[in-house]
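Visitor: I am new to this structure and would like a close look at a single part of it. Please take me through that part slowly, and then through what surrounds it.

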Amino acid sequence: MVDKKKSKGLELVRFLICGVAAALTDYLFCQLMVLLTHNHMSEIWVTILSTAVGFVFGVIVNYLISTFWVYQNVDKNVKTKSKLFITLFVVLSLCAMLLSIGAMLLCNLVVVSAWGAENSIVDLSVMELIKENGIGFLATFIFWAYFISFCIKTLVGLVFNYFTRKHILYKEPKQKEEEKEEQKE
């Protein structure tokens, strides 16, 4: 019988569900801020504010779900509700976001420089592509370059988050050598 608390596969599924919930929260709060502020601020400030608000709410959801549901096999010495732990969680989340942005910018450099694309994928509006091309947007090079870059960016953040949370934040209890030997057999 599988121990649900110790199962790596179930933990990974919970992690992915948590990531989707946090990403949706981030996106929805970001879009809400755009709707509330786009007539009152310059575009750059709307972008900064909406991105920051989305990030904050996404991290809150991610922390809560990670702490109370995803990582169930955590060493009792890990104080997941301490100020230090929460600060480290936010800092590592920010690092993941910066790595993801870096991956997207690198992909953009490849698309524009190496493949000679006329448009940047970083500031691509999929909605504008749909308006211009209708369903034909699916046949455009720039859409697929954006889509693949977005997947790479997401994967970079996902891998970073999983390993930092698993090995730095939500450490498992240490097992005795005999238990490790039994599990290998």
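In which helix does threonine 67 lie?

Guide: Threonine 67 lies in helix α2, and, before going further, please keep in mind that the model shown here is a predicted one. With a relative accessibility of 11%, threonine 67 counts as buried, because the limit for that class is under 20%. If its neighbours within four places in sequence are left aside, threonine 67 is in contact with Thr80 and Tyr170.

Threonine 67 belongs to a longer list of buried residues in α2, which includes Val46, Val53, Phe55, Asn62, Tyr63 and Val70. Among the elements that cover these buried residues are α1, α3 (83-114) and α5.

Of these covering elements, α1 can be followed in some detail, for α1 and helix α2 (residues 43-70) pack at an angle of about 155°, their axes being 7 Å apart. Angles over 145 degrees count as roughly antiparallel, and α1 and α2 are therefore described in that way. Their crossing is right-handed, and the contact of α1 with α2 is made up of 18 nonpolar, eight polar and three charged residues.

Helix α1 (residues 8-37) also meets helix α5 (residues 141-169), where the axes come within 12 Å and cross at roughly 125°; α1 and α5 are therefore oblique to each other. Lys8, Glu11, Leu12, Phe15 and Leu16 of α1 make this contact with Leu158, Asn161, Tyr162, Arg165 and Lys166 of α5. By class, the residues of the contact of α1 with α5 are five nonpolar, one polar and four charged.

Charged residues bring us to the salt bridges, of which the structure holds three. In one of them, glutamate 172 pairs with lysine 8, with the closest N and O atoms 2.3 Å apart. Because glutamate 172 lies in the loop between α5 and α6 (177-184) while lysine 8 lies in helix α1, this pair ties together parts that are 164 residues apart in sequence. Another salt bridge joins the side chains of glutamate 11 and lysine 166, at 2.9 Å from N to O, and this pair links helix α1 with helix α5 across 155 residues. Glutamate 11 is buried, at a relative accessible area of 2%, and lysine 166 counts as buried as well, at 7%, whereas glutamate 172 is partly exposed, at 26%. The side chains of glutamate 172 and lysine 166 also meet in a salt bridge, at 2.4 Å from N to O, and through shared partners Lys8, Glu11, Lys166 and Glu172 are joined into one network.

How values were computed
Residues are numbered from 1 along each chain as its sequence is written. This is a predicted model: local features need pLDDT of at least 70, side-chain atom pairs count only at pLDDT 80 or more; totals for chains, interfaces and linings use all residues. Side-chain values use heavy atoms; hydrogens and water are left out. Axes are lines fitted to C-alpha atoms, for helices over the stretch in contact, and angles run from 0 to 180 degrees between N-to-C directions. Helices (H or I, at least four residues) and strands (E, at least two) are DSSP runs, numbered from the N terminus. Angles under 35 degrees count as roughly parallel, over 145 as roughly antiparallel, 65 to 115 as roughly perpendicular and the rest as oblique. Contact means heavy atoms within 4.5 Å. Ala, Val, Leu, Ile, Met, Phe, Trp, Tyr, Cys and Pro count as nonpolar, Asp, Glu, Lys and Arg as charged, and the others, Gly among them, as polar. A crossing is left-handed if the near helix is turned anticlockwise from the far one by less than a right angle, and right-handed if clockwise. Buried means under 20% relative accessible area, exposed over 50%, partly exposed in between (1.4 Å probe, protein chains only). A salt bridge is a side-chain nitrogen of Lys or Arg within 4 Å of a carboxyl oxygen of Asp or Glu.
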